[in-house]
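User: I'm new to this kind of thing and would like some help reading a structure. Could you walk me through it, one feature at a time?

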Amino acid sequence: MSISGAVQFLESRIQIRPRAAVVLGSGLGGFADELTDTVSIPYHEIPGWPRSTAVGHAGQLVFGKLGAVDVAVMSGRVHLYEGYTQYQVTLGVRVLRRLGVRSLVLTNAAGGIHPEYRRGALVLLSDHINLQGSNPLVGPNDDSLGPRFPDMTEAYSAEFRELARQVGDEQGIPLKEGVYAALLGPSYETPAEIRFLRTIGADLVGMSTVPEVIVANHMRMRVLAISCVTNMAAGILPQAISHEEVLETGREVRETLIRFLKALLARAGERWTD
Ligand code: HPA
């Protein structure tokens with residue numbers, strides 16, 4: 001299982017050279033349908049590529065055009081809680097970078113901790129807190145990918161966030177901004193854990209994204225991440241959290257998110273040619 005094996009396989013299957021990519025989170029699929037001239041490759045066909053087992057994750061890599069911009073869409077991701085290693089969870093992002101992707105947009109479903117958030121809100125990540133107990137860069141450093149100790153002071157590109165805010169304004173899509181805490185899962189948090197997360201400065205909680213953001217920074221990608229608040233976090237409202245609610249909210253905001261991503265990638269394609 002190697003990065004170059006997957007890269008070689010994909011290069012033999014696609015003509016386009018994507019500069020931007022989108023990773024779709026739980027229940028947030030559908031964006032790939034917006035592309036034209038598509039080539040869809042199921043994960044199981046790609047050497048070494050892990051298959052997603054989570055409900056609500058499709059499991060294919062789609063290449064295509066969004067207007068004039070060549071993009072790749074990872075429809076479905078794998079998580080640490082499924083039992084995959086950090087290496088497997090982040091392989092896709094590394095392969096995309098090797099294929100030429102510089103701008104990366106990650107989406108996820110998250111629990112809302114900030115008292116001003118509501119179910120269905122879209123939140124741009126400004127920073128994260130890694131509480132997953134591990135890091136994808138542990139082990140010998142591959143200097144051809146990036147440095148041993150990558151800087152994370154602007155893990156989420158301020159310029160990309162600014163562009164996202166402009167697009168949100170133009171499209172009439174309200175966007176909040178917040179700090180994402182990543183936990184291992186798969187159980188949802190307890191109310192005491194959520195009070196702890198709030199105290200340490202988290203606005204959102206989820207079980208993904210952070211490993212991908214770390215390897216993307218390692219490889220000097222431009223990262224934007226958007227959480228869909230699919231539910232308020234444990235103990236914030238007097239009700240239990242269910243995966244069905246998470247998926248249902250995902251479906252409700254899907255159209256808005258697709259409209260936003262379409263406009264955003266067009267603008268990103270105009271702004272950055274690398
Ligand atoms: N906690 C953790 N992950 C999540 C949640 C949550 O409340 N909602 C969606 N993903």
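Analyst: Sure. Let's begin with a term: strands here are DSSP runs of at least two residues, numbered from the N terminus. Keep in mind that this is a predicted model.

User: Which strand gives the largest share of the shell around the ligand?

Analyst: That's S5, with three residues. S5, S8 and S9 each supply at least two residues of that shell. Among the residues surrounding the ligand are Ala-109, Ala-110, Gly-111, Glu-189, Met-207 and Asn-231.

User: What classes of residue make up the shell around the ligand?

Analyst: Six are nonpolar, four are polar and one is charged.

User: Where do polar atoms of the protein meet the ligand's nitrogen atoms?

Analyst: For a polar contact, look for a pair of N or O atoms within 3.5 Å. A polar side-chain atom of Asn-231 sits 2.6 Å from a ligand nitrogen, and one of Glu-189 is 2.8 Å from a ligand nitrogen. With Gly-111, a polar backbone atom is involved, at 3.4 Å. As for cover, the ligand on its own has 260 Å² of accessible area, and the protein covers 96% of that.

User: Met-207 was in that shell too. Is Met-207 buried or exposed?

Analyst: Buried means under 20% relative accessible area. Met-207 has 15% relative accessibility, so it counts as buried. You'll find Met-207 in the loop between strand S8 (204-206) and helix H5 (210-218). Beyond its neighbours within four places in sequence, Met-207 has contacts that include His-79, Gln-132, Tyr-180 and Tyr-188. Its C-alpha atom is 13 Å from that of Tyr-84, although the two residues are 123 apart along the chain.

User: How many residues of H5 are buried?

Analyst: A helix can be read residue by residue. In H5, nine of the nine residues are buried, so the helix is largely enclosed by the rest of the structure. They include Val-210, Ile-214 and His-218. These buried residues pack against S1 (20-24), helix H2 (86-98), S5 (103-112), S6, S7 and S9. After H5 comes Arg-220, with a positive phi near 55°.

User: In which sense does S6 pair with S7, and in which with S9?

Analyst: To read a pairing, check its sense and then its bridges. S6 (residues 122-131) runs parallel with S7 (residues 175-183), over nine bridges. There, Val-123 stands opposite Lys-176. With S9 (residues 222-232), S6 pairs in the antiparallel sense over three bridges, and Leu-122 has Cys-228 as its bridge partner in S9.

Technical notes. Residues numbered from 1 in each chain as written. Predicted model: local features only at pLDDT ≥ 70, side-chain atom pairs only at ≥ 80, totals over all residues. Heavy atoms only, no water. Pairing = 2+ DSSP bridges. Helix = DSSP H or I, 4+ residues; strand = E, 2+ residues; numbered from the N terminus. Buried < 20%, exposed > 50% of the residue type's maximum accessible area, 1.4 Å probe, protein only. Contact = heavy atoms within 4.5 Å. Near = heavy atom within 4 Å. Polar contact = N/O pair within 3.5 Å; in protein donor to acceptor, adjacent residues only side chain to side chain. Areas by Shrake-Rupley, 256 points an atom, 1.4 Å probe, with all protein chains shown as cover. Nonpolar A, V, L, I, M, F, W, Y, C, P; charged D, E, K, R; others polar.
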